[in-house]
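Here are my notes on the model you sent over. I've kept them as numbered points so you can reply to each in turn.

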Amino acid sequence: MDRDDEQLLRGRVYGADHEHPGPVPGRRYAELVGGPLDGLLLDITGWTRDEIGTGVALPTELGRFGAGGRAMYGPRRGDRRRFDWCGDIR
């Protein structure tokens, strides 16, 4: 992915409709930091504290394993509004 692709993804919500890619008022988001989804926002509205603490493996074609791969993100210690990249899995 080049710099133009990275800029295009910033501020967009992971999994959102391409017609309406930005955040929606009244929803809670965590910023994905590092890895293939860097800069995207993850909608965590309604997640419990335990779910946020566990993190998430998000399907993406942009990671190390391409189609069928997942990028793993976990909450940043002391800042649950940011999820740091932990690696890619199949």
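1. Let's start at the turn: β4 and β5 form a hairpin with 2 residues between the strands, and glycine 78 in it takes a positive phi near 80°. The two strands pair in the antiparallel sense over 7 bridges, where pairing means that DSSP finds at least two bridges between the strands. One partnership to look at is alanine 71 with aspartate 88 in β5.

2. Ground rules before going on. This is a predicted model, so local features need pLDDT of at least 70 and side-chain atom pairs count only at pLDDT 80 or more, while totals for chains, interfaces and linings use all residues. Residues are numbered from 1 along each chain as its sequence is written, and side-chain values use heavy atoms, with hydrogens and water left out.

3. The overall layout: the chain has 2 helices and 5 strands, running α-β-β-α-β-β-β along the sequence. Helices (H or I, at least four residues) and strands (E, at least two) are DSSP runs, numbered from the N terminus. Of the 90 residues, 30% count as buried; here buried is under 20% relative accessible area, exposed is over 50%, and partly exposed is in between, with a 1.4 Å probe and protein chains only. The chain exposes about 6,100 Å², and carbon and sulfur atoms supply 47% of that (Shrake-Rupley method, 1.4 Å probe; for residues, only the protein chains shown count as cover).

4. On contacts, meaning heavy atoms within 4.5 Å: among those in the chain with a separation of 6 or more, residues 24 or more positions apart account for 42%.

5. β5 has another partner too. It pairs with β1 in the parallel sense over 3 bridges, and glutamate 31 has arginine 82 as its bridge partner in β5. These two residues also form a salt bridge, with the closest N and O atoms 2.5 Å apart. That pair links distant parts of the chain, glutamate 31 sitting in strand β1 and arginine 82 in strand β5 (residues 79-89), 51 residues apart. Glutamate 31 is partly exposed at 25% relative accessibility, and arginine 82 is partly exposed at 30%.

6. How many salt bridges are there by this rule? The count comes to 5, taking a side-chain nitrogen of Lys or Arg within 4 Å of a carboxyl oxygen of Asp or Glu. Arginine 82 also meets aspartate 79 in one of them, at 3.3 Å, N to O. Aspartate 79 counts as buried because its relative accessibility is 16%. Glu31, Asp79, Arg81 and Arg82 are linked in a network of salt bridges.

7. Arginine 76 deserves a look of its own. Its place is in strand β4 (residues 70-76), and its side chain meets that of aspartate 84 in a salt bridge (2.8 Å, N to O). The same atoms' neighbourhood can be read from the contact list: leaving out residues up to four places away in sequence, arginine 76 touches Val33, Arg82, Phe83 and Asp84. Arginine 76 counts as partly exposed at 29% relative accessibility, and aspartate 84 counts as partly exposed at 24%. Arginine 76 and glycine 53 are 23 residues apart in sequence and 9.1 Å apart in space, C-alpha to C-alpha.

8. Now the inside. The largest nonpolar core has 11 residues: Ala30, Leu32, Leu37, Leu40, Leu42, Ile44, Ile52, Leu58, Ala71, Tyr73 and Phe83. The elements giving it two or more residues are β1 (29-33) and β4. A core here is a set of buried Ala, Val, Leu, Ile, Met, Phe, Trp, Tyr and Cys residues joined through side-chain atoms within 4.5 Å. In soluble globular proteins, nonpolar side chains tend to be buried together. As for isoleucine 44, its contacts beyond four places in sequence are Arg28, Tyr29, Ala30, Ile52, Arg80 and Phe83.

9. Last, threonine 60, in the loop between β3 (56-59) and β4. Is it buried or exposed? Threonine 60 counts as buried because its relative accessibility is 10%. A polar atom of its side chain lies 3.0 Å from the backbone nitrogen of leucine 62. Setting aside neighbours within four places in sequence, threonine 60 is in contact with Pro36, Leu37, Gly66, Gly69, Arg70 and Ala71.

Definitions and conventions:
Polar contact = N/O pair within 3.5 Å; in protein donor to acceptor, adjacent residues only side chain to side chain.
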